[in-house]
Amino acid sequence: MKVYIIAAMTADGFIARNSNELIDWTSSEDKKFFREMTKKSGVLIMGGNTYRTFKEPLPGRRNIVYSHQNIEQPEVETTRESPAQLVQRLKIEGASQVAIAGGSSIYTMFLKAGVVTDIYLTLEPLMFGKGIKLLQEDVNTKLTLNGVSKFNENTVLLHYKVIK
Ligand SMILES: NC(=O)c1ccc[n+]([C@@H]2O[C@H](COP(=O)([O-])OP(=O)(O)OC[C@H]3O[C@@H](n4cnc5c(N)ncnc54)[C@H](OP(=O)(O)O)[C@@H]3O)[C@@H](O)[C@H]2O)c1
C-alpha cells in the first residue's frame with residue numbers, strides 16, 4: 001500500500017509559522033496537486049492542530065484525525081491508533097493509497113513508525129526563519145529522488161521514495 005507524506009514547505013524547511021496557522025501561502029498549483037492527489041487516494045490522515053485550521057472536514061475524502069479530543073463532526077473519524085495499526089486497518093478496509101497530510105507531529109510519528117513509502121514535498125519560494133519544521137524529532141530516513149516537477153516559475157515538487 002502507498003502511504004505518502006504530502007507537504008508544502010518553505011525554502012528553509014518550515015510548514016507553518018505556528019501550530020494554528022491556516023496554510024494560505026501555497027501556490028494555486030500546489031493546492032490543485034493536493035486536492036487531486038488526496039481525492040484520488042480517498043483517505044486523508046492529519047493531526048488535531050491541522051484539522052482545527054480547516055475547521056471542517058475536507059470534502060470528497062475520508063478524514064481521519066489524530067486527537068485526544070472529541071471532535072463533534074460526524075464525517076470525521078478520530079483515532080489514537082499507532083501508525084502501524086491504522087495503516088493495517090485501512091489496508092484491511094480496502095485502501096490502496098493513504099495521504100499523511102500533517103502537521104509536523106503526524107509526519108514525524110508516521111516516518112518514525114516506518115510505514116511511509118513516498119514523500120511529496122512542494123517547495124514554495126518563501127523563508128520564515130522560524131516556525132513549525134517538517135519534522136520535530138530525530139529521524140534516520142534515507143530517500144531516493146523519484147521525480148522533480150516544476151509547478152510554475154518559482155515552485156517545485158520533489159517526489160521521494162523511502163528506502164526501507
Ligand atoms: N505546509 C503544509 O503542507 C502543512 C500540512 C499540514 C499542516 N500544516 C500546518 O502544521 C501546523 C500543525 O502542525 P502540528 O505539528 O503543530 O500539529 P498536528 O500534527 O497537526 O496535530 C497535533 C495534534 O495531533 C494530535 N495527536 C498527535 N499525536 C497523537 C496521538 N498519538 N494520539 C492522539 N492524538 C494525537 C493531538 O491533537 P489534540 O490536541 O486534538 O489531542 C496533537 O495536539 C498547522 O499550522 C498546519 O496548518 C502545514
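These are my notebook entries on a predicted model of one chain with a ligand.

**Entry 1. Overall make-up**

I began with the secondary structure and counted 4 helices and 10 strands in the chain. Read from the N terminus, the elements follow the order β-β-α-β-α-β-β-α-β-α-β-β-β-β. I then looked up the dimensions. Along the principal axes, the C-alpha atoms fill a box of roughly 40 × 35 × 30 Å. The radius of gyration is 15 Å, and a compact globule of 164 residues would have one near 15 Å, so the chain agrees with that expectation. I noted that 32% of the 164 residues count as buried. Among contacts with a separation of 6 or more, 70% are between residues 24 or more positions apart.

**Entry 2. The sheet**

I traced the strand order next. An open sheet of 8 strands runs β5-β4-β3-β6-β1-β7-β10-β9, with mixed pairing. Which strands stand at the edges? They are β5 (76-79) and β9 (143-150); each has a single partner strand, so one side of each lacks a neighbour in the sheet. On average, neighbouring strands of this sheet are turned by 25 degrees against each other, with direction ignored.

I went through some of the pairs in turn.

- β3 and β4 are parallel and share 5 bridges; Ile45 has Ile64 in β4 as its bridge partner.
- β3 is also parallel to β6 (residues 97-100), with 2 bridges, and Leu44 is opposite Ala99 in β6.
- β1 and β7 (residues 118-124) run parallel and are joined by 7 bridges; Met9 is partnered by Leu123 in β7.
- β7 and β10 (residues 156-162) run antiparallel with 6 bridges. Leu123 is partnered there by Val156 of β10, and Thr122 by Leu157 of β10.
- β9 and β10 are antiparallel too, with 7 bridges. Gly147 is opposite His159 in β10, and the two strands make a hairpin with 5 residues between them.

Leu123 therefore turned up twice in my list, as bridge partner of Met9 and of Val156.

**Entry 3. Strand β3 and helix α1**

I looked at β3 (43-47) by itself. How many of its residues are buried? The count is 5 of 5, so β3 is mostly covered. In a regular strand, side chains alternate between the two faces of the sheet. In β3, Val43, Ile45 and Gly47 point one way, Leu44 and Met46 point the other way, and all are buried.

Helix α1 (residues 28-41) lies across β1, β3, β6, β7 and β10. I recorded its angle to β6 as about 140 degrees.

**Entry 4. Around the ligand**

I listed the residues that surround the ligand and got 28. The closest are Gly47, Gly48, Asn49, Gly102 and Gly103. By class, the shell has 12 nonpolar, 14 polar and 2 charged residues. The elements that each supply at least two residues of the shell are β1 (2-10), β2 (14-16), β3 (43-47), α2 (48-54) and α4 (104-113).

Two of the closest residues, Gly102 and Gly103, are joined by a cis peptide bond with omega about 0 degrees. I marked the bond because most peptide bonds are trans. Gly103 is placed in the loop between β6 and α4.

Gly48, also among the closest residues, came up again in a distance check. Its C-alpha atom is 8.3 Å from that of Gln69, and the two residues are 21 residues apart along the chain. Gln69 belongs to the loop between β4 and β5. Is Gln69 buried or exposed? Gln69 has 10 other C-beta atoms within 10 Å, and it is therefore exposed; the cut-off for exposed is 12 or fewer.

**Entry 5. A positive phi**

I checked backbone angles last. Lys55 has a phi near 75 degrees, which is positive although the residue is not glycine. Most residues other than glycine have a negative phi. Where does Lys55 lie? Lys55 is in the loop between α2 and β4 (62-66). Lys55 counts as exposed because it has 8 C-beta neighbours inside 10 Å.

Conventions. Residues are numbered from 1 along each chain as its sequence is written. This is a predicted model: local features need pLDDT of at least 70, side-chain atom pairs count only at pLDDT 80 or more; totals for chains, interfaces and linings use all residues. A residue is near a molecule or strand if its C-beta atom, placed from the backbone, lies within 6 Å of it. Ala, Val, Leu, Ile, Met, Phe, Trp, Tyr, Cys and Pro count as nonpolar, Asp, Glu, Lys and Arg as charged, and the others, Gly among them, as polar. Two strands pair if DSSP finds at least two bridges between them. Axes are lines fitted to C-alpha atoms, for helices over the stretch in contact, and angles run from 0 to 180 degrees between N-to-C directions. Two residues are in contact if their C-beta atoms, placed from the backbone, lie within 7 Å. A residue is buried if 20 or more other C-beta atoms lie within 10 Å of its own, exposed if 12 or fewer, and partly exposed in between; C-beta atoms are placed from the backbone. The radius of gyration is taken over C-alpha atoms; the globule rule is 2.2 Å times the number of residues to the power 0.38.
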